[in-house]
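User: I am new to this structure and would like a close look at one part of it, the sheet and the helices around it, and then at what lies beyond. Please take me through it in one connected answer.

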Amino acid sequence: MTSDVKLLDINNVVIGIERRKRETLVLVREANFDVNYGEMVGIVGESGSGKTMICRSIIGTLQRRGAAVIGGEVLFEGLDLRTINEAKWKSLRGKVIGYVPQSALAGPNPVLTIEKQLAEALSQVEGTGSMKNRSKELLDLVKIRRVDTVMKQYPYQLSGGMRQRVMIACALASKPKLLIADEPTTGLDVTVQSQIMELLREIRRDLGTAIILISHDLALVDEVCDKIVVMHAGATVEVGPTSSMSKPRHPYTVALNSSRIDVAKPGGELLTIKGNPPSVGQWNPGCRFAERCDYVQQDCLVGDHPALSGKKGEHQSACLHADKIGKI
Amino acid sequence: MSKRDVLMEVENVSVTFGSGATAVEAVKNCSLTLHEGEPIGIVGESGSGKSTLARVMAGLQPPSAGQIRFRGDNVFKGNKSFQSGNRNQVQMVFQDPYGSLNPQLNGLSAVAEAVRIHSKVGKDEAEQKALELLERMGIGKLDALKKPRQLSGGQRQRVSVARALSASPTVLLADEPTSAIDQSAQAQLLKLFLGLLNDGLSIVLVSHDLGVIRYLTKRVYVMKDGVFVESGDTETVFNDPQEDYTKMLLASIPGELGKAARAKLKR
């Protein structure tokens, strides 16, 4: 493994969607982060902050929604994913890059048994041994018990947590280098959530798979990830190793932190973030968080959205006044 | 403060779905009391029967056995509930903010409709009251005129709460109100609930998330397979859980809260 080539490098990515009258609506601008081999990276942000769009740009399914990467680079092992054709995508998507979609309950095909479901995923990759044995191995990998029974069952007969395990098994069929899990536990119980997180950690440890975990739950990401990427209104506003993110350097992260109920006193003050995230296409000049920010100054309201400070790999913040945070 | 009056009593309630060999006993012999102005929590995993129990308390689901009393009166007479009035006193907020609002009605009409039904006032007056309620839930006039699909999950949930409040209830039953919305929207909703408690409302919060329960409630019932396995002051249950099941639930909370419980479990 070469040391300076990152597994994934998202560089100033701009994602837009073409509207009528040839007008382009920008959904993501100034997205910046990277993922090392075997690293577990969490992406957090409110609904609509562009988390899922970034993922789609990594697995090349943006155009299905009429969107496209219109600026910057998405580098996967040094290869610019903007330049590759559909044939090349087919050799990456679901093979080198695995994807677990958001809704566990709607994920698996309802009319296929789990065995057929896994066989479909496995038919895309080479391997030895019978399909049945390979399917069983996959189910073992995601810690499903009673494998023989489960293989014959349909998704509706499984619980939400089990269905999510099956989806993860499908994504692992080809032993990908990168696994993207888009809010894998939304709508599941906390107990199931903690089991799924444990499973992801084990997959990372045993298979060396790098994992991108998308979530709106900072407490969750804080606990399992090596690195945290904070997104707001289509921009990366803060990136850093989990250990140093406990001292956030962007007011948005500060605000997210203070809305965590796991650290709040019962009935005590729970700070909420002022207002709503700015709507797509209605971004004001300057910092897109300025309207909701307690630290806002005159210079926040003009020019472009502030760039991330410092170098990639370090703790970076896109706040012009990061040095004042915690001092008001 | 003197001991508060008992508002609702659930006595030995069981609910069985189906019959014969396929019968499922979703709630088994559960009893609880709710006092005036008190926030209580019911916590458990999916399928533990907590939503069914909440539906019984709201008068939506007749129990197979046992009684529910509101201010001393039986809620159910046969399969019919709240025959002697009081239906407006117990209101429910449902789990799914995407499914519980009529997609054709904007927030204002949805709430105004409920106001008209409950307080028998004219259209203009109802809309005025609806606007006030929505305002209190942090939904301004501009957003109140939007259809549900134009609102975020958190906003929809707040419209649902405003609709429940239109009946001027004394008890609000909230079934997993925060599980489908994101963290900052959750904080916003919990803050509103705190405000409602200050105004004297009783809240029954049903959730699988002990973090939410700890934040809002004073007493908690832990439910497993239709049975209350543990109950008591929320703080006590959190600091000194007796049942393995409660300990496991605690250890599942992500972040700081679960950390201590996880450490204890490993020991």
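Analyst: In this predicted model, helix α1 of chain B, residues 50-57, lies across the strands β3, β8, β9 (171-175), β10 and β11 (219-224) of chain B. Its direction is at about 155° to that of β10(B).

The sheet beneath this account is an open one of six strands in chain B, with the order β8-β9-β10-β3-β11-β12 and mixed pairing. The edges are taken by β8 (90-93) and β12 (227-233) of chain B; each has a single partner strand, so one side of each is left without a neighbour in the sheet. On average, and with direction ignored, neighbouring strands of this sheet are turned by 15° against each other.

One pair in the sheet can be followed in detail. Strand β3 of chain B, residues 39-43, and strand β10 of chain B, residues 202-207, pair in the parallel sense over five bridges. Within this pair, Ile40(B) has Val204(B) of β10(B) as its bridge partner. Helix α9(B) also packs on the sheet, where it touches β3, β11 and β12 of chain B. The direction of α9(B) makes about 105° with that of β11(B).

From α9(B) the picture leads on to α10(B). The buried residues Leu257(B), Gly258(B) and Ala261(B) belong to α10(B). Seen down the axis of α10(B), these residues fall within an arc of 70°, so they line one face of the helix. Their cover includes α7 and α9 of chain B. The face of α10(B) turned away from the buried side carries Ala263(B) and Lys266(B), which are exposed.

Where does Ala263(B) lie, and is Ala263(B) buried or exposed? Ala263(B) lies in helix α10 of chain B, and it is exposed, with 10 other C-beta atoms within 10 Å. Ala263(B) and Ala251(B) are twelve residues apart in sequence, and their C-alpha atoms are 8.3 Å apart in space.

Next comes the contact between the chains. In it, 28 residues of chain B meet 28 residues of chain A. On the chain B side, α6 (183-198), α7 (210-216), α9 (244-251) and α10 (256-266) each supply at least two residues. The largest share of that side, seven residues, comes from α6(B). By class, the side of chain B that touches chain A has eleven nonpolar, eleven polar and six charged residues.

A single residue of α6(B) shows this contact at close range. Lys191(B) is found in helix α6 of chain B and counts as partly exposed, with 17 C-beta neighbours inside 10 Å. Apart from neighbours within four places in sequence, Lys191(B) is in contact with Leu270(A) and Thr272(A). Within its own chain, Lys191(B) is 91 residues from Ser100(B), and 22 Å separates their C-alpha atoms.

Chain A has a sheet to set beside the one described above. Four strands form an open sheet there, in the order β2-β1-β4-β5, with antiparallel pairing. At its edges stand β2 (24-35) and β5 (79-80) of chain A; each has a single partner strand, so one side of each is left without a neighbour in the sheet. Two bridges join β5(A) to strand β4 of chain A, residues 67-76, and the two strands run antiparallel. Leu75(A) stands opposite Asp80(A) in β5(A). Helix α1 of chain A, residues 51-59, packs on this sheet and touches β1 (8-18), β2 and β4 of chain A. The direction of α1(A) makes about 105° with that of β1(A).

Chain A also has a helix pair. The axes of α3(A), residues 114-123, and α4(A), residues 131-141, come within 9 Å and cross at roughly 100°. That makes α3(A) roughly perpendicular to α4(A). The contact is made by Glu115(A), Leu118(A), Ala119(A) and Leu122(A) of α3(A), together with Met131(A), Arg134(A), Ser135(A) and Leu138(A) of α4(A). By class, this contact has five nonpolar, one polar and two charged residues.

In α4(A), the residues Ser135(A), Leu138(A) and Leu139(A) are buried. They cover an arc of only 95° around the axis, which puts them on the same side of α4(A). Asn133(A) and Asp140(A), on the other side of α4(A), are exposed. The cover over the buried residues of α4(A) includes α3, α5 (147-152) and α6 (160-172) of chain A. After α4(A) comes Lys143(A), whose phi is positive, near 60°.

Notes: Residues are numbered from 1 along each chain as its sequence is written. Chains are lettered from A and ligands numbered from 1 in the order in which they are written. This is a predicted model: local features need pLDDT of at least 70, side-chain atom pairs count only at pLDDT 80 or more; totals for chains, interfaces and linings use all residues. Two residues are in contact if their C-beta atoms, placed from the backbone, lie within 7 Å. Ala, Val, Leu, Ile, Met, Phe, Trp, Tyr, Cys and Pro count as nonpolar, Asp, Glu, Lys and Arg as charged, and the others, Gly among them, as polar. Axes are lines fitted to C-alpha atoms, for helices over the stretch in contact, and angles run from 0 to 180 degrees between N-to-C directions. Angles under 35 degrees count as roughly parallel, over 145 as roughly antiparallel, 65 to 115 as roughly perpendicular and the rest as oblique. Two strands pair if DSSP finds at least two bridges between them. A residue is buried if 20 or more other C-beta atoms lie within 10 Å of its own, exposed if 12 or fewer, and partly exposed in between; C-beta atoms are placed from the backbone. The arc is that of the directions from the helix axis to the C-beta atoms.
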